[in-house]
Amino acid sequence: MTADAPQPRSAVDWPTLTAAAIEAMHSAYAPYSDYPVGAAGLADDGRIVTGCNVENASYPVGLCAECGMVSDLIRSGGGRLTAVTCVDRAGTTILPCGRCRQLLWEHGGPDCLVLTPQGPMTMTALLPLAFGPEHLDPNHPARGTITP
Ligand code: THU
């Protein structure tokens with residue numbers, strides 16, 4: 001395999017990605033839930049982006065760790081997420097919430113791998129029948145009406 005050949009799925013270095021998520025988790029601002037979260041993502045150019053949850057006295061305003069991670073992705077040059085992991089304060093793998101699955105869909109797409117307690121899973125498995133940018137196209141077939 002040449003140096004710049006596409007990496008097989010098994011090449012994701014989950015321990016390194018998890019270590020980055022744990023480091024990010026230590027920066028969390030979670031005084032209301034006392035549930036610090038760290039997220040780390042592998043971009044398609046090989047860089048690792050991270051985020052932590054940032055809560056707010058107005059509870060719904062709080063940001064999940066994945067929000068910070070996606071912000072880091074865009075800020076640091078963009079690209080696509082190919083693998084993501086999220087951890088709690090114990091460093092244990094946690095599942096991304098529903099809203100964050102939508103975020104990951106936008107910036108990773110169907111083939112992005114997410115580490116779950118059951119092992120790596122695709123975003124297609126975590127968010128089936130997802131709404132994505134293509135659905136904004138008025139000519140997209142999924143916008144057809146259902147005939148009763
Ligand atoms: N949280 C995340 O950061 N990501 C998730 O995917 C699940 C939940 C945060 C939000 C809130 O600050 C805390 O965990 C408790 O829900």
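Is Leu-129 buried or exposed in this structure? In the predicted model, Leu-129 is exposed, its relative accessible area being 89%. The residue is placed in the segment after helix H4 (123-126). Its backbone is also notable, for Leu-129 has a positive phi of about 55 degrees although it is not a glycine. Most residues other than glycine have a negative phi.

A positive phi of about 55 degrees is likewise found at Asp-34, which is not a glycine. Asp-34 belongs to the loop between H1 and E1. With a relative accessibility of 49%, Asp-34 counts as partly exposed, because the exposed class requires a value over 50%.

As regards the overall architecture, the chain contains four helices and six strands. Their order along the sequence follows the pattern α-β-β-α-β-β-α-β-β-α. The chain has 148 residues, of which 41% count as buried.

A search of the whole structure for paired aromatic rings returns one pair. The partners are Tyr-32 and Tyr-59, with ring centres 5.5 Å apart and planes at 40 degrees to each other, an arrangement classed as tilted. The pair links distant parts of the chain, as the two residues are 27 residues apart. Tyr-32 lies in the loop between helix H1 (14-25) and strand E1 (38-43), while Tyr-59 lies in the loop between strand E2 (48-52) and helix H2 (65-75). As for solvent accessibility, Tyr-32 is partly exposed at 40% relative accessible area, whereas Tyr-59, at 61%, counts as exposed. The two tyrosines therefore fall on either side of the 50% cut-off for exposure.

Another pair of residues separated in sequence is formed by Thr-92 and Thr-18, which are 74 residues apart along the chain; their C-alpha atoms are separated by 8.9 Å. Thr-92 is located in the loop between strand E3 (81-87) and strand E4 (93-94). The relative accessibility of Thr-92 is 42%, and the residue therefore counts as partly exposed.

The surroundings of the ligand were examined next. The residues around the ligand are Ser-33, Tyr-35, Val-37, Asn-53, Glu-55, Cys-64, Ala-65, Glu-66, Leu-95, Pro-96 and Cys-97. Oxygen atoms of the ligand take part in several short polar approaches to the protein, involving both side chains and backbone. For Asn-53, an N or O atom of the side chain lies 2.9 Å from an oxygen atom of the ligand. For Glu-66, the corresponding separation between a ligand oxygen atom and an N or O atom of the side chain is 2.7 Å. Ala-65 contributes through its backbone, a polar atom of which is 2.8 Å from an oxygen atom of the ligand.

The second largest pocket has a volume of about 190 Å³. Its lining comprises 14 residues, and those nearest the centre of the pocket are Tyr-35, Val-37, Asn-53, Cys-64 and Ala-65. These five residues, Tyr-35, Val-37, Asn-53, Cys-64 and Ala-65, are also listed among the residues around the ligand. By class, the lining of this pocket consists of nine nonpolar, three polar and two charged residues. Two of the central lining residues, Asn-53 and Ala-65, also supply atoms to the ligand approaches described above, Asn-53 from its side chain and Ala-65 from its backbone.

Definitions and conventions:
Residues numbered from 1 in each chain as written. Predicted model: local features only at pLDDT ≥ 70, side-chain atom pairs only at ≥ 80, totals over all residues. Heavy atoms only, no water. 1 Å grid on protein atoms, 1.4 Å probe; cavity = no way out; pocket = protein on both sides within 12 Å on 5 of 7 lines; lining within 4 Å. Points joined across faces, edges and corners; volume = space filled by probe spheres on them. Nonpolar A, V, L, I, M, F, W, Y, C, P; charged D, E, K, R; others polar. Phe/Tyr/Trp six-rings, centres within 6.5 Å; stacked < 30°, edge-to-face > 60°. Buried < 20%, exposed > 50% of the residue type's maximum accessible area, 1.4 Å probe, protein only. Near = heavy atom within 4 Å. Polar contact = N/O pair within 3.5 Å; in protein donor to acceptor, adjacent residues only side chain to side chain.
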